[in-house]
Amino acid sequence: FNNVAFGLQMAHWERSKIEPRVHEVLELVGLPEFAERDVNNLSGGEQQRVALARSLAPGPKLLMLDEPLGSLDRNLRERLALDLRQILISTRQTAIYVTHDQDEAFSLADRIAVMNAGRVEQVGRPQEIYLQPATVFVARFLGLSNLMPGWIDGVEGRQSVRTPIGIFPAKTDMQGNVTVLLRPDAVQPGEAATCQIQGNVVEATFRGQTSRLVLQVNGEQLAFNFPSNTQLPAPGEVMLLSFKPEQALQFFPSTSKE
């Protein structure tokens with residue numbers, strides 16, 4: 001109780017208003033029975049909830065959260081991230097949340113700003129950021145590592161891009177040198193789509209909800225994600241993948257920041 005009440009006392013709230021407000025925010029963060037507990041005897045997740053309650057109690061115009069879940073284990077971090085989003089929504093609290101964890105940012109944010117050396121690389125809704133990274137840096141930061149040099153030529157509507165792994169249709173207004181992104185989640189086994197690549201399997205690992213495949217294609221190592229029930233060949237075997245270029249390929253100017 002005293003920990004959460006501290007900010008209210010510093011703001012010179014009347015004593016008669018402090019007690020109901022403290023109990024209100026403890027209820028909000030899921031700790032209504034913890035008012036008399038010593039904070040030092042709480043778990044890491046409970047301590048983070050107390051810190052959030054203390055921050056919310058004075059009703060700030062803007063709440064700044066700097067890696068608040070970074071020290072917690074993954075399961076607890078994921079659960080608290082969802083709880084935190086619901087709390088911020090229910091209180092209509094504007095917050096800036098700093099994190100290096102992309103999944104955390106996607107699950108919490110209405111809008112994301114990707115920073116690079118103190119500069120904003122891209123601002124947008126989570127889905128926009130993931131599906132249309134604005135620069136090579138943003139793509140790499142999101143784990144989209146299938147980046148390779150390319151050359152685009154042809155007239156409008158009949159363009160193609162030459163890459164180390166093949167020549168593919170390119171629907172873009174760019175010309176000449178580019179960096180090409182092949183999205184890891186936009187390919188499928190076999191010949192189902194219009195464009196194909198074939199290579200040797202370097203790695204095939206099960207990761208719970210997904211499986212990861214690393215394929216060596218003409219000297220390029222490319223990583224792809226598949227549903228966990230996808231049957232993947234063993235390392236050393238040959239695999240054919242296909243994709244729709246309009247969904248799987250994205251182009252960046254050759255001057256795009258790394």
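Phe168 and Phe243 are both buried in this predicted model. Their rings meet edge-to-face, with 5.2 Å between the centres and 65 degrees between the planes. Phe168 belongs to strand β7 (residues 166-169) and Phe243 to strand β13 (residues 238-243), so this pair ties together parts that are 75 residues apart in sequence.

In total, the structure holds three aromatic pairs. Another one of them joins Phe106 and Tyr130, again edge-to-face, at 6.0 Å centre to centre and 85 degrees between the planes. Here Phe106 comes from helix α5 (residues 102-108) and Tyr130 from helix α6 (residues 126-131), so parts 24 residues apart in sequence are tied together. Phe106 is partly exposed, with a relative accessible area of 27%, and Tyr130 is partly exposed too, at 24%.

Tyr130 also has a charged companion: Arg183 lies over the face of its ring. The table lists this contact beside a similar one.

| Arginine | Ring beneath | Distance to ring centre |
|---|---|---|
| Arg37 | Phe34 | 4.4 Å |
| Arg183 | Tyr130 | 4.7 Å |

Now back to β13, the strand that carries Phe243. It takes part in an open sheet of five strands, ordered β9-β13-β10-β11-β12, with antiparallel pairing. The edges are held by β9 (187-189) and β12 (220-227); each has a single partner strand, so one side of each is left without a neighbour in the sheet. On average, neighbouring strands of this sheet are turned by 45 degrees against each other, direction ignored.

The partner of β12 is β11 (residues 210-217), and eight bridges join these two antiparallel strands. Looking along them, you will find Ser211 opposite Phe226 in β12.

Technical notes
Residues are numbered from 1 along each chain as its sequence is written. This is a predicted model: local features need pLDDT of at least 70, side-chain atom pairs count only at pLDDT 80 or more; totals for chains, interfaces and linings use all residues. Side-chain values use heavy atoms; hydrogens and water are left out. Two strands pair if DSSP finds at least two bridges between them. Helices (H or I, at least four residues) and strands (E, at least two) are DSSP runs, numbered from the N terminus. Axes are lines fitted to C-alpha atoms, for helices over the stretch in contact, and angles run from 0 to 180 degrees between N-to-C directions. Rings of Phe, Tyr and Trp (its six-membered ring) pair if their centres lie within 6.5 Å; planes under 30 degrees apart count as stacked, over 60 as edge-to-face and the rest as tilted. Buried means under 20% relative accessible area, exposed over 50%, partly exposed in between (1.4 Å probe, protein chains only). A charge sits over a ring if NZ of Lys or CZ of Arg is within 6 Å of the ring centre and within 35 degrees of the ring normal.
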